[in-house]
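Colleague: Could you take one part of this model and walk me through it slowly? I'd like to hear about the sheet and whatever packs on it.

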Amino acid sequence: MMLQIPSPWVAGPVPAGNAARMLLAASWQRCEGDYALDPAQSGLSDLLSCFELRQSCDEAGPLLRFADAELDRLHAIVRDMEYAVLLADRTGTVLTRRTVRDSERGCRRWHLWPGARWNEREEGTNGIGTCLAEQRPVTVHMNQHWRVNLRYLTCTAVPVYDALGRLAGALDASSYHPDPDARDVALIRNTITEAARRIEARCFSDLYRGQMIVTMGADDGSSAPLLALDADRRVVGATHAARRDMGLKDGDELQFCLMDERGPGRDGFRAAEKAVVEAALASARGNVSAAARQLGISRSTLHRKIKALSIEAEA
């Protein structure tokens, strides 16, 4: 049977682009074909018990600890728009929440609450579940939900990655009193994306405490492209975005030197090498000889790299 997307889904204000439409269409196709979910059947399985939730929180490791301040900051921004802020693990289980007291009963009823399970396979297209399935930022607005009984909600979620670049969970802002025109969605998505980056950066900086942390360039999505270098300037750590740019797998152990002239010449490694050289020059206040000593290479080698990487440096 061919999936029929209702006309409000196509013509609505969210999503804005073809990529977002294709993402949600793919989710609907999974719901119908892979999961065989009945959209008319009520979902929302029971909340986890206190013991089960505690186990999930323990398994999340440092994610909860480093997310705490960001959840407070994020909720302070969106609370007046009647949004709840949720942090879920990689299975879609909500670990913690930020809500205003007056909305607690409604949030619990709609499972915007710790212990709720928003796995796409169980609940159909939804912010947290579809974000985790696609590993991409997702907004699911009202009738874009697969299950009919969830079409009073709007949910925007972005993936959160751990210090080894692995998917750790999703950061979500949801409301059961949404603006039908979704005029606040762009602000919500930008805000939670920045929060997710800061959570990842905190996890990364903690794991590689004492190492030199270098950024490879501008942030793109919910992961910041960061590298960790040891005292010999070998790359020992990289975030999800940095690994993606260099073509490396998430979770793999790293131990390589970008300064090796026989090293890989892929564009991602070139960007990483440029970031390391620029960081060394900045640390040495533009002094090429001092920067070369930091990098463990000769002054002439560094000059060649500066020229090859089109870096401006002081004499």
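**A close look at the sheet**

Modeller: Let's start with one pair: strand β1 (residues 84-89) runs antiparallel to strand β5 (residues 167-175), and 6 bridges join them. Strands here are DSSP runs of E, at least two residues long, while helices are runs of H or I with at least four, both numbered from the N terminus. Two strands count as paired if DSSP finds at least two bridges between them. To pick out one bridge, A84 has S174 in β5 as its partner.

Before going on, a word on the model: it is predicted, so local features need pLDDT of at least 70 and side-chain atom pairs count only at pLDDT 80 or more, while totals for chains, interfaces and linings use all residues. Residues are numbered from 1 along each chain as its sequence is written, and side-chain values use heavy atoms, with hydrogens and water left out.

Now the whole sheet: it is open, has 5 strands in the order β2-β1-β5-β4-β3, and its pairing is antiparallel. At the edges sit β2 (94-98) and β3 (138-141), each pairing on one side only. On average, neighbouring strands are turned by 20 degrees against each other, direction ignored. Axes are lines fitted to C-alpha atoms (for helices, over the stretch in contact), and angles between N-to-C directions run from 0 to 180 degrees.

Next, the helices. Helix α7 (residues 127-134) packs on the sheet and touches β1, β2, β3, β4 (154-161) and β5, where contact means heavy atoms within 4.5 Å. The direction of α7 makes about 150 degrees with that of β5. Helix α8 (residues 185-207) packs on the sheet too, touching β3, β4 and β5, and its direction makes about 20 degrees with that of β4.
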